[in-house]
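Reader: I would like to learn how to read a model of this kind, feature by feature. Please start with a single pair of residues and work outwards.

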Amino acid sequence: ADVIKEFGVLPEVECMPSQINQVVMNLAVNAAHAMGEQRGKITVRTGTAGENVWIEVADTGSGIPEDIRQKIFDPFFTT
C-alpha cells in the first residue's frame, strides 16, 4: 500500500510515544493485510480540535463486513 501522510501542526503532548507508535503501526499493518493483492492507500492524518490532539488512520480497503463489526472490540477476536 502507499502511505499518505497528512500531518497537522501539533503541540507537545505528554504521552508514551512507543505506545502511540505501536497502535498506529498495528492499524497500518492490518489495513495493508486486509487489502489483499490489490494495491491501496493508507492515509495517516493528525490534527487538533480545541485543546485535543487526534490521529486518524484511513484506508481504501473494503472495510469490515457488517456481520462481524459488533465483534471487533472483543478480546482476542480475529478474522
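**Reading the sheet, the helix and the pocket**

Author: Thr46 stands opposite Ile55 in strand 3. Keep in mind throughout that this is a predicted model.

Reader: Which other residue stands opposite a partner in strand 3?

Author: Val44 does, and its partner there is Val57. These pairs belong to a longer ladder: strand 2, residues 41–49, is joined to strand 3 by eight bridges, and the two run antiparallel.

Reader: What does the hairpin of strand 2 and strand 3 have between its strands?

Author: Two residues lie between the strands of that hairpin, and Gly50 takes a positive phi near 65°.

Reader: Where else should I look for a positive phi, in a residue other than glycine?

Author: Look at Phe76, where phi is near 65°. Phe76 belongs to the segment after strand 3.

Reader: Is Phe76 buried or exposed?

Author: The cut-off for exposed is over 50% relative accessible area. Phe76 has 83%, so it counts as exposed.

Reader: Back to the sheet. What is the order of its strands?

Author: The sheet is open, with three strands in the order 1-2-3 and mixed pairing. Strand 1 (2–7) and strand 3 (52–59) are the edge strands, each pairing on one side only. From one strand to the next, the twist averages 15°.

Reader: Which strands does helix 1 touch?

Author: Helix 1, residues 17–34, packs on the sheet and touches strand 2 and strand 3. The direction of helix 1 makes about 20° with that of strand 3.

Reader: What pattern do the elements follow along the sequence?

Author: The pattern is β-α-β-β. The secondary structure comes to one helix and three strands.

Reader: How should I read side chains along a strand?

Author: In a regular strand the side chains alternate between the two faces of the sheet. For individual residues, consult the accessibility and the contacts. Start with Thr43, which is found in strand 2.

Reader: Is Thr43 buried or exposed?

Author: Buried means under 20% relative accessible area. Thr43 is at 11%, and therefore counts as buried. Leaving aside residues up to four places away in sequence, Thr43 touches Ile4, Glu6, Glu56, Val57 and Ala58.

Reader: What does Glu6 touch in turn?

Author: With the same exclusion of residues up to four places away in sequence, Glu6 touches Thr43, Val44, Arg45 and Thr46. Glu6 is found in strand 1. Its relative accessible area is 38%, so Glu6 is partly exposed.

Reader: How far is Glu6 from Gly63 in space?

Author: The C-alpha atoms of Glu6 and Gly63 are 21 Å apart, and 57 residues separate the two in sequence.

Reader: Which residues does Val53 touch?

Author: Val53 touches Leu10, Pro11, Val13, Gly47 and Thr48, again not counting residues up to four places away in sequence. Val53 is found in strand 3. A relative accessible area of 34% makes Val53 partly exposed. For a pair apart in space, take Val53 and Ala31: they are 22 residues apart along the chain, and their C-alpha atoms are separated by 23 Å.

Reader: How much space lies in the largest pocket?

Author: About 760 Å³. The pocket has 17 lining residues, and those closest to its centre are Asn30, Ala31, Ala34, Ile64 and Ile72. Helix 1 and strand 3 are the elements that give two or more residues to the lining.

Reader: Which element gives the most to that lining?

Author: Helix 1 does, with four residues.

Reader: What summary values describe the protein as a whole?

Author: The C-alpha trace spans about 40 × 30 × 25 Å along its principal axes. The protein has 79 residues, of which 13% count as buried. Among contacts with a separation of 6 or more, 54% are between residues 24 or more positions apart.

Reader: Where is confidence lowest and where is it highest?

Author: Confidence is lowest in helix 1, at a mean of 93, and highest in strand 2, at 97. For the protein, the mean pLDDT is 92, and 100% of its residues reach 70 or more.

Methods: Residues are numbered from 1 along each chain as its sequence is written. This is a predicted model: local features need pLDDT of at least 70, side-chain atom pairs count only at pLDDT 80 or more; totals for chains, interfaces and linings use all residues. Side-chain values use heavy atoms; hydrogens and water are left out. Two strands pair if DSSP finds at least two bridges between them. Axes are lines fitted to C-alpha atoms, for helices over the stretch in contact, and angles run from 0 to 180 degrees between N-to-C directions. Contact means heavy atoms within 4.5 Å. pLDDT is the predictor's confidence in each residue, from 0 to 100. Buried means under 20% relative accessible area, exposed over 50%, partly exposed in between (1.4 Å probe, protein chains only). On a 1 Å grid over the protein atoms alone, a cavity is a set of points where a 1.4 Å probe fits but cannot get out, and a pocket is an open set with protein on both sides within 12 Å along at least five of seven lines; lining residues have an atom within 4 Å of a point. Grid points are joined across faces, edges and corners, and a volume is the space filled by probe spheres set on the points.
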